Amino acid sequence: MVNFTLRIPEDLYTQLKELAASQDRSVNSQLLHLVRRAVEDSQHSSARKA
């Protein structure tokens with residue numbers, strides 16, 4: 001597992017915290033979920049164009 005620092009605006013962090021809580025996830029888990037989904041969507045989109 002890789003650790004890295006991510007700087008985001010405070011208002012976005014607040015929204016992220018609220019979204020994570022509404023889905024019973026930690027902020028870290030929510031970020032992983034969103035990034036994984038974005039990468040998978042991007043891969044599917046690229047495959048359709050090929």
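1. Starting toward the far end of the numbering, Ala47 is found in helix α2 (helices are DSSP runs of H or I with at least four residues, numbered from the N terminus). Ala47 counts as exposed because its relative accessible area is 54%; the cut-offs are under 20% for buried, over 50% for exposed and partly exposed in between, with a 1.4 Å probe and protein chains only. From the C-alpha of Ala47 to that of Leu16, 31 residues away along the chain, the separation is 29 Å.

2. A word on what you're looking at: this is a predicted model, with pLDDT of at least 70 needed for local features and 80 or more for side-chain atom pairs, while totals for chains, interfaces and linings use all residues. Residues are numbered from 1 along each chain as its sequence is written, and side-chain values use heavy atoms, leaving out hydrogens and water.

3. Leu31 also sits in helix α2, which spans residues 27–49. Leu31 is partly exposed because its relative accessibility is 29%. Its C-alpha is 12 Å from that of Ala21, ten residues apart along the chain.

4. Leu31 also helps line the largest pocket, along with residues including Met1, Phe4, Leu32 and Arg36. That lining splits into seven nonpolar, three polar and one charged (nonpolar covers Ala, Val, Leu, Ile, Met, Phe, Trp, Tyr, Cys and Pro; charged covers Asp, Glu, Lys and Arg; the others, Gly among them, are polar).

5. Ile8 belongs to the segment before α1 (10–22). With 31% relative accessibility, Ile8 is therefore partly exposed.

Methods. Helix = DSSP H or I, 4+ residues; strand = E, 2+ residues; numbered from the N terminus. 1 Å grid on protein atoms, 1.4 Å probe; cavity = no way out; pocket = protein on both sides within 12 Å on 5 of 7 lines; lining within 4 Å.
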